[in-house]
Amino acid sequence: MCTKYIITLRYSDFTYGLYILLISSLLPLTAIGQAKIWVSVSGDDNAPGTAEAPVATVHTAVRKARELRRLSDPNVRKGIAIVVRDGKYVFDEPLLIHPEDSGTEEGPTTVVAAPGASPVFSGGIQVNGWQKLSGKIKRIPEKAQGKLWVTDIPTRWGQQLDFRQLWVNGKKARRASNFHPTGLDRILSVDKDKEEMWIPAPREKFADTDRLEFVIHQWWAIANLRIKSLKVAGDSARVTFYQPESRIEFEHPWPAPFIDEKNEYNGNSAFYFTGVPELLDEPGEWCLDKKAGKLYYWPGKGENMQDAQIFAPFMQSITKITGTPDRPVSHIGFKGITFAHTTWLRPSEKGHVPLQAGFYILDAYKLEKPGTPDKAALENQAWIGRQPAGMEVRYARNITVERCRFTHMAATGIDLVTGVSHSRIEGNVFRDIGGTGIQAGFFGDAGFEAHLPYNPSGRRELVRHIRIANNLVADATNEDWGCVGISVGYAQDVAIVHNEIRDVNYSGICVGWGWTKTVNASRNNLVHANRIHRFARQMYDVGGVYTLSAQPDTEISENAIYDLMKAPYAHIPDHYQYIYLDEGSSYIRIKDNWTEKDKFFSNTPGPGNEWKNNGPDVSGEIREKAGIELAFRDILKE
């Protein structure tokens, strides 16, 4: 049994193979003498948890495992496997993993699918009681009359649910909107002092603005703004918004709505409306009418509502692994589990104005006199919040997530938030993710301004020695277009290798944060042999691989980046890069990356960057070897 970890960012076949050998021994799922606790949807939480008498919930199984460790039961010396049989396990609360649940190097605790099983841990509720809608219904467009199905808005804990996603037969339905990829309207003007925008008069006639949202495309991010008033005056309309997002939207300078005053680019910022019955005008769309207490859906072609499986989310996180700096959680693993159906309601409750990569602004404004302690020319300050994740990990080590599925999520898939080390995320599928697929590291918070260099005196709060490998991230960022496939902030010794990222709306892989040339906590990171394609579907100012700030001894090598997509309404459609070193990026090696075009960019970078042999002339062998390795390639069948 290995007793130490090795991670190297000087990539070679020998060192990489040694790292795999060492870290794969952390979670021996079939150790002889391992204790097993069985879980089944037909089980009983009062049962002993044997194969013959399983418990009904994973929460009970984790508690039983905790008791075995508390009592120093000799049967746990080789570890504990919580074996989960097939079925959908609908959680009432997140699965909480505490320091008391920690395993050991020789005896980890693992939550693993039973042989041949594909259990689902769900934070959603099935929506039943659908009926064909008859008669003319107010607020519903004429073309939808007679085509809709309706049910009462489901309740949970005695209250009507609010949600922003709906899944029909495993596919995300479209929330009612007037979004049309090739024909979005554009704002006319912005008055920051009055906190209002002028837009073309909408074609739709809204009964009121209750729950009507305004989604605006602004540079590298979108913003969700709850409409307070909409007053038509001739062929235009004045729009105002609720607080706090109105103040933030009109005060923060970057990214702000784009006005093409000189007609040099592709027009002003594009926008669309969403959220109300008047916008329900196409098959596959749904809408809540909270006042009427009804949920409407227009079935798509071939959908039979009599046997449709329809789910709405009500939980933000499925699993939370939470330790402390002094008592981290350790030696916990998940294998073969599907995590599904999470919600995120901040856009409906407080709006959503991101700074970048989905991190929403709590407070931001332009400085009257530019300059901060780190950057003399900086004109803005911002304090940010973080989207929730299906799995959140804080202060933990030796955590392994292998061959799991993260799907149907409103925000982030998995997030290593703070103090996570010597852990591995490998061979997983992240599909239908509203925000970022995999996220790790520090990005700032309410107590730390986002542009300051982060370099804590201690190492316990750092995210470090992480392997993110052989994962498929597909159809992520489909709620917040400005999120990314894999996002790493202030972190060190993170290896992002042999992943495939496709069908994302902004950048593929982002590493670094802070917009600073000052040396900080980020260093020794590796972005190697990833396959990134079909990216930049909706945004621009993007990179297949994108970096920020100083990152000594970081390497970007042997990636394959291609099939860049251009949104027709982007302000500067050609402002895209295959590898993009943005503000302050320093001490980074970029070598042997295959890209379909020779298009790279550095925006006010720092010193010490080395570019060598990148572009379409790079060896085809490098291009073919990029992406998921043979041992995990079966996940591509997803």
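How many of the five residues of strand S46 (residues 560-564) are buried? Select S46 and you will find the strand mostly covered, with four of its five residues buried (buried means under 20% relative accessible area, exposed over 50%, partly exposed in between, with a 1.4 Å probe and protein chains only). Strands here are DSSP runs of E with at least two residues, and helices are runs of H or I with at least four, numbered from the N terminus.

Before moving on, note that this is a predicted model, in which local features need pLDDT of at least 70 and side-chain atom pairs count only at pLDDT 80 or more, while totals for chains, interfaces and linings use all residues. Residues are numbered from 1 along each chain as its sequence is written, and side-chain values use heavy atoms, leaving out hydrogens and water.

Stay with S46 and add strand S43 (residues 531-535): the two run parallel, joined by four bridges. Strands count as paired if DSSP finds at least two bridges between them. Look for His533, whose bridge partner in S46 is Tyr562. Then add strand S49 (residues 594-595), which pairs with S46 in the parallel sense over two bridges; here Ala560 stands opposite Trp594.

Next, select the open sheet of seven strands, in the order S15-S21-S18-S19-S20-S17-S16, with antiparallel pairing. Its edge strands, S15 (185-186) and S16 (189-191), each pair on one side only. Within the sheet, S18 (residues 213-218) and S21 (residues 270-274) share four bridges, and Glu213 stands opposite Thr274.

Now show the largest nonpolar core, which has 159 residues (a set of buried Ala, Val, Leu, Ile, Met, Phe, Trp, Tyr and Cys residues joined through side-chain atoms within 4.5 Å). Among those with the most contacts inside it are Phe214, Phe273 and Phe339. Strand S19 (residues 221-233) gives the most to this core, with six residues.

Zoom in on Thr338, in strand S27 (residues 338-342). Thr338 is buried, with a relative accessible area of 7%. Not counting residues up to four places away in sequence, Thr338 touches Pro119, Val120, Phe121, Arg405 and Thr407, contact meaning heavy atoms within 4.5 Å.

Finish at helix H2 (residues 58-70), whose end C-alpha atoms are 18 Å apart, in agreement with the expected 18 Å for 13 residues (1.5 Å times one less than the number of residues). Its buried residues include Val58, Ala61 and Ala65. The buried residues of H2 pack against several strands, including S1 (35-39) and S2 (80-84). After H2 comes Ser72, with a positive phi near 55 degrees.
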